[in-house]
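Please open the model in your viewer and keep the sequence panel beside it. The tour below moves from single residues to sheets and then to the chain as a whole.

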Amino acid sequence: MEFIPGPAIHRVLCADCGTPIEPNSANLCVACLRNSVDITEGIPKQSSVSFCRNCERFFSPPSAWTLARPESQELLAICLKRLKGLSKVRLTEAHFIWTEPHSKRLRVSLTIQKEVLTSTILEQVFEIEYLVQHTQCPDCAKLAAKNTWKALVQLRQKVTHKRTFLYLEQLILKHGAQKDTVAVKEVRDGLDFFYSQRSHAIRMVEFLAGVVPVRSKGSERLLSTDTHSGTANYKFTYSVEIAPICKDDLVCIPLKQARSLSNISPLTICTRVGSSFQLLDVSTLQGAEISAQVYWRTPFSALAGVNDLVEFTVLDVEPVGTNRGRWVLADAQVALAGAFRSTGGRDDEDMIMDHETAGGPTQIFHTRTHLGGILQPGDSAMGYYLTSSNFNSDDFATLPADRIPDVILVKKAYPNRRKKGRTRAWKLRSIAKEEGEEGETGGGRGVVGRMGGRDQKKIEEDYEQFLQELEEDPELRANVNLYKAKDVKMEDAGAVPRRKRGQGQYGMDVDEIAPGPDAKAEADEENAEADFPDVGLDELLEDFDDMTLGDTEASLA
């Protein structure tokens, strides 16, 4: 085959350096063209961005404040808006260059193109450095000042515990309903949410109506008015009251209302609370759902709460064959916890008896329960001891004596597992951080329990009881975000903790670890309940909320 050479390439010399190049309109090589023409002219190489440390938002021109993660697309868009002269060139690529988190610097690499001569397009890559300036956004400035809020939501519940507000705090965090709140304050019977706009307060009231049974009422107060322009300045207040019915409460429905609810037995327990609450008759497994509108039409209160539960020991369980979902109806024989415990040879005058065991500590009670699917002989259960109870309720007084059982079992207890007092491998977030921290969320106690005072110990018990309910109820746990606890050491997982003298059952802090023998630890493992509902690793989330510009280096360490 005969070789046919290609067409000859004509070359010319560069006008500046004399390098042979292909002919172009400028008759210059690429290096000389870049030296003579700078397409980045007019684009600043240094700039700044404003960052609010209180709400962790960046200033987005002209007047918006945007929540953006480090090296995110939102933050990159904010940085590009700060540059002048980008409209004269074509931006082809932009990305962040890693910098030290504590340096308060952001480095962005840009690739731009521009036509410098006829049919000659020049591409150039350069870097821009941004200085992160800490400032205060207008919303946080209103939070720091006094009497600058425009709308207030007063959330109240007339109960003796704070578990409802602890649960509401987690629901608010999961759905991001706290992002427009400028301040949260704890008061005697609830919480106050402050907002800079009326629409934000109305949105919070609608959110609360969707997660708990509430009723609300609004009011307004005139601050000032302008007769010339016809404008006025108001402050709006929304009063929201939560129904005083909580999970596991003993409820006596008025007889007339019980007949309208498919003739359910008036004596029931509350099994679930949402926008409406569900009641269950433990003797027949008949259920009823009462909406907020129906409840506030004829409101009633609970006879007893979780604090009135008494521990019982299950002696025998026999299912009767009736099932309703996860509930299994069964006949059970129970006795008070410790009723048949050996006294160890002590005299009768040395025995210590409380009001729960007085007047028949060894009596066996026959009752019907809905926990036939999970209770076994020898288990412990929490229930209401109606024989020794006295309720100030007209509806309960009208019930026939033969329809009032001696004992109503509510839930299964795990006393052996609770005695261990192990440090939990998970934690919860809170709306307000502890003093000295930054941001709108944190790992501290939050707004509930910040008042202190004489009720601080009671709030600590409510918080521990709320954590136990999360462990024992997977359905309740599904509505809450659980995070991995980074401060839990793996070597402490198998140790046997020892409580301080005088510390109660719901004590939270563990100061000492008993150096007991391995035999004692193995015995505790054997005595622990096998069906204890542990929190799985797949239910925990990584705690990325701590990774802010101020403390990211501590999270990465």
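Select Asp-248 to begin, bearing in mind that this is a predicted model. Asp-248 counts as buried because its relative accessibility is 6%, and a residue has to be under 20% to be placed in that class. In the sequence, Asp-248 belongs to the loop that runs between S13 and S14. Look at the backbone here as well, since phi of Asp-248 is near 70°, a positive value in a residue other than glycine. Most residues other than glycine have a negative phi.

Next, move to Leu-285, where a positive phi is again found in a residue other than glycine, this time near 65°. Leu-285 sits in the loop connecting strand S16 (276-281) with S17. Is Leu-285 buried or exposed? With a relative accessible area of 3%, Leu-285 is buried.

From these two loops, select the sheet that contains S14, S16 and S17, an open arrangement of 5 strands in the order S17-S16-S15-S14-S18, with antiparallel pairing. At its edges stand strand S17 (286-291) and strand S18 (302-304), and because each has a single partner strand, one side of each is left without a neighbour in the sheet. From one strand to the next, the twist of this sheet averages 40°. To see one pairing in detail, display strand S14 (residues 250-252) together with strand S15 (residues 267-273), which pair in the antiparallel sense over 3 bridges. Within this pair, Cys-252 stands opposite Leu-267 in S15.

Now turn to another open sheet of 5 strands, whose order is S10-S11-S9-S13-S12 and whose pairing is mixed. Its edge strands are strand S10 (181-187) and strand S12 (214-226), each of which pairs on one side only. Here the twist averages 15° from one strand to the next. Select S12 and strand S13 (residues 231-242), and follow their antiparallel pairing over 12 bridges. How can you find a matching position across this pair? Colour Ser-224 and then look in S13 for Asn-233, its bridge partner.

The next stop is Arg-107, which lies in strand S7 (residues 105-117). Arg-107 counts as partly exposed because its relative accessibility is 28%, and that class lies between the limits of 20% and 50%. Which residues is Arg-107 in contact with, leaving aside its neighbours within four places in sequence? They are His-95, Phe-96, Ile-97, Trp-98, Thr-99, Glu-127, Ile-128 and Glu-129. Show the side chains of Arg-107 and Glu-127, and you will find a polar contact between them at 2.9 Å. These two residues are 20 residues apart along the chain, and their C-alpha atoms are separated by 6.8 Å.

For a last local stop, select Pro-61 and Pro-62, where the peptide bond from one to the other is cis, with omega near 10°. Pro-62 is placed in the loop between strand S4 (57-60) and strand S5 (64-66). Most peptide bonds are trans.

Finally, zoom out to the whole chain, which has 13 helices and 28 strands. Of its 557 residues, 41% count as buried. If you switch to a surface display, the accessible surface of the chain comes to about 31600 Å², and 49% of that belongs to carbon and sulfur atoms. Among the contacts in the chain with a separation of 6 or more, 65% are between residues 24 or more positions apart.

Key. Residues are numbered from 1 along each chain as its sequence is written. This is a predicted model: local features need pLDDT of at least 70, side-chain atom pairs count only at pLDDT 80 or more; totals for chains, interfaces and linings use all residues. Side-chain values use heavy atoms; hydrogens and water are left out. Helices (H or I, at least four residues) and strands (E, at least two) are DSSP runs, numbered from the N terminus. Buried means under 20% relative accessible area, exposed over 50%, partly exposed in between (1.4 Å probe, protein chains only). Contact means heavy atoms within 4.5 Å. Accessible areas come from the Shrake-Rupley method with a 1.4 Å probe; for residues, only the protein chains shown count as cover. Two strands pair if DSSP finds at least two bridges between them. Axes are lines fitted to C-alpha atoms, for helices over the stretch in contact, and angles run from 0 to 180 degrees between N-to-C directions. A polar contact is a pair of N or O atoms within 3.5 Å; within protein, one must be able to donate a hydrogen and the other to accept it, and residues adjacent in sequence count only if both atoms are side-chain atoms.
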